[in-house]
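Work through the exercises below with the model open beside you. Try each task before reading its solution.

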Amino acid sequence: MARLSIAGAAPASFEGGGSLLELFGDFFKQLYDTTGWNFVIFYDQVEWDRFIAAIWTTIKLIIACLIFSVIVGVVGAWAQGAKSKLLRYGMAGYIQFFRNTPPFVQILFFYFVLGNLTPSYDAGGYQEAYIGSFGWAVISLGFFAGAFNTEIFRSGIEAVPESTQEAASALGYTRLQSYIYVVFPLAFRVCLPALNNNLVNLLKTTTLAYGIAVPEMMYTANQVWSDNVNVPEMMIILFIFYVGLVAILVWGMHRWEKSMKIPGYG
Amino acid sequence: MSDAKKTNGWTPRQPMVSIKDVHKSFGDLEVLKGVSLDVMKGECICIIGPSGSGKSTLIRCVNALNDIQKGSILVEGQEVNDPDLDKLELRKKVGMVFQQYNLFPHKTAIENIMMAPITVLKQDKDEVAEHAASLIRKVRLGGKENSYPGELSGGQQQRVAIARSLAMNPDVMLFDEVTAALDPETVKEVLVTIQDLAEEGMTCILVTHEMGFANEVANHIYFTDLGVIVEHGPPKTFFKKAKDPRTKEFLSQIL
């Protein structure tokens, strides 16, 4: 048995396990026995559960980061054009900081520095922070990608003709109303391809959450290969997993782009 | 309450739009050098003049798209040259149509018309829809409700733009060279729409190069050159008995 050890885990048993494992467990077990290729996550119940949990954590992490980063971008692009100098300089500083420093350093900074400064509660004998590693990963990656999204949305906003905004003003729109109903919907269509790119990058960058022990796919793969010494196999799984996720994201974004196409425009 | 327009003691006997000694510069370039004119309720006036004479700048000042450095613009008694100007209040009273239509390209014709009353005036959606439907018929675009601006011709887009502006129930309409970007055939359909409005008693201020049209619909014509009003008068006297040499020269080139 190539299984080294998992602290406290029961030995592998897929007889009573998930139905999926029953389906292909034998095949991968046999594959290992005959060729040495150890896809342990596909025949070992404990590793399988770990793998499935990692899929969900990764998807949740990605969705949270995407949404947060887009919100940061939308609000940031609006703030960049604000009348208040403080707000504009603040935005410029924010973008410089997050664009010019490595995202991995940012994650570590958020988790270990800011995490120590934020409130915690007594979780039965030890202090548990209100914001855990998952929360800090979302916050730091969201701000990181949000800095790029801000610039992407700004480029879209600049592509909206001044005269269109003027028409909105003439109809009594405030700056905010004009941004929400006219400028942003147009800008968004213009910058969708660039946004698409950045979100693909963000999706892949979520693997850095590994550095603060968020049990996402990268972290879990590392755990699995530490326990089972099957690095090449887990690498293959990692590549296929992320290729698949990016394909789904890109497909969705293209669908979205198409559905927003305006007849006779652009 | 929100529908009641603030009038500051203004009555329809006073000019609806009163422009007095307006000065406006862009940097060092002074484009308006003391312009004064009055427009009474129900009047239609045309401002004509060579390019760069400040015509468009002048009417853009009326709804505060441009600010002015000196002088006074009263719209129904509300001072436009006021740092505390309530722009929303002003823009409820003043509608504007642009040379390049400036429709919202991501919205259909009917949505373009309905957006501002719903967003800005917070009117009831069903009432706005009804009003918009009547406006689109008024500008003779029944059947084009669900077309996007990019699917309409220039003349059709401009008529949607007029309807969009009318949806706000303005008291004054500003037309800034609204036919300048159109081909000769579609110019007419837009002019007919404006003429209908003028005949219904809408107060209109037009910047135009359509002399025949100005002659037909305007109560009063103003000729501007180099930032001042050179000459003005009712169309009959203006076109036939212009006195100023600059006016004569301009008219001889254009007529």
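The exercises that follow concern a predicted model.

**Exercise 1. Overall build of chain B**

Task: Find how many helices and strands chain B has, and check its radius of gyration against that of a compact globule.

Solution:
- Step 1. Count the elements. Chain B holds nine helices and 10 strands.
- Step 2. Take the expected value. For 255 residues, a compact globule would have a radius of gyration near 18 Å.
- Step 3. Compare. Chain B has 18 Å, so the value agrees with the rule.
- Step 4. Add the box. Along the principal axes, the C-alpha atoms of chain B fill roughly 55 × 45 × 35 Å.
- Step 5. Look at burial. Of the 255 residues, 47% count as buried.
- Step 6. Look at contacts. Take those in chain B between residues at least 6 apart in sequence; 66% of them join residues at least 24 apart.

**Exercise 2. The six-stranded sheet**

Task: Give the strand order of the open sheet of six strands in chain B, and say which strands are at its edges.

Solution:
- Step 1. Read off the order. In chain B it is β6-β7-β8-β3-β9-β10, and the pairing is mixed.
- Step 2. Find the edges. They are β6 and β10 (228-233) of chain B, each of which pairs on one side only.
- Step 3. Note the turn. On average, neighbouring strands of this sheet are turned by 20 degrees against each other, direction ignored.
- Step 4. Place the helix. α5(B) packs on this sheet and touches β6 and β7 of chain B. The direction of α5(B) makes about 170 degrees with that of β6(B).
- Step 5. Check one pair. β6(B) and β7(B), residues 172-176, run parallel and are joined by four bridges. V94(B) has V172(B) as its bridge partner in β7(B).
- Step 6. Check another. β3(B), residues 44-48, and β8(B), residues 203-207, also run parallel, with four bridges. Here I47(B) stands opposite V207(B).

**Exercise 3. The two sides of an edge strand**

Task: Sort the residues of β6(B), 94-97, by the way they point, and decide whether they are buried or exposed.

Solution:
- Step 1. Recall the rule. Side chains in a regular strand alternate between the two faces of the sheet.
- Step 2. Apply it. V94(B) and M96(B) point one way. G95(B) and V97(B) point the other way.
- Step 3. Check burial. All four residues, on both sides of β6(B), are buried.

**Exercise 4. The four-stranded sheet**

Task: Work out why β2 and β5 of chain B each have one side without a neighbour in their sheet.

Solution:
- Step 1. Write the order. This open sheet of chain B runs β2-β1-β4-β5, with antiparallel pairing.
- Step 2. Look at the ends. β2 (29-39) and β5 (78-79) stand at the edges with a single partner strand each, so one side of each is left without a neighbour in the sheet.
- Step 3. Inspect one pairing. β4(B), residues 70-75, and β5(B) are joined by two bridges. V75(B) stands opposite Q78(B).

**Exercise 5. Core and enclosed helix**

Task: Name the residues with the most contacts inside the largest nonpolar core, then explain why α3(B) counts as largely enclosed.

Solution:
- Step 1. Start with the core. It has 138 residues, and V62(B), I113(B) and I205(B) have the most contacts inside it.
- Step 2. Find the main contributor. Helix α5 (residues 133-158) of chain A gives the most, with 13 residues.
- Step 3. Follow I205(B). Beyond four places in sequence, its contacts include V17(B), V39(B), V62(B) and L174(B).
- Step 4. Turn to α3(B), residues 109-119. Eight of its 11 residues are buried, so this helix is largely enclosed by the rest of the structure. I113(B) is among the buried ones.
- Step 5. Name the packing partners. The buried residues of α3(B) pack against α7 (175-205) of chain A, and against α4 (125-138) and α5 (154-166) of chain B.

**Exercise 6. Where the chains touch**

Task: Describe the side of chain A that touches chain B by its number of residues, its helices and its residue classes.

Solution:
- Step 1. Count. 18 residues of chain A are in contact with 20 residues of chain B.
- Step 2. Assign. α6 (162-170) and α7 of chain A each supply at least two residues of this side. The largest share, six residues, comes from α6(A).
- Step 3. Classify. This side of chain A has 11 nonpolar, six polar and one charged residues.

Notes
Residues are numbered from 1 along each chain as its sequence is written. Chains are lettered from A and ligands numbered from 1 in the order in which they are written. This is a predicted model: local features need pLDDT of at least 70, side-chain atom pairs count only at pLDDT 80 or more; totals for chains, interfaces and linings use all residues. A residue is buried if 20 or more other C-beta atoms lie within 10 Å of its own, exposed if 12 or fewer, and partly exposed in between; C-beta atoms are placed from the backbone. Two strands pair if DSSP finds at least two bridges between them. A nonpolar core is a set of buried Ala, Val, Leu, Ile, Met, Phe, Trp, Tyr and Cys residues joined through C-beta atoms within 7 Å. Two residues are in contact if their C-beta atoms, placed from the backbone, lie within 7 Å. Axes are lines fitted to C-alpha atoms, for helices over the stretch in contact, and angles run from 0 to 180 degrees between N-to-C directions. Ala, Val, Leu, Ile, Met, Phe, Trp, Tyr, Cys and Pro count as nonpolar, Asp, Glu, Lys and Arg as charged, and the others, Gly among them, as polar. The radius of gyration is taken over C-alpha atoms; the globule rule is 2.2 Å times the number of residues to the power 0.38.
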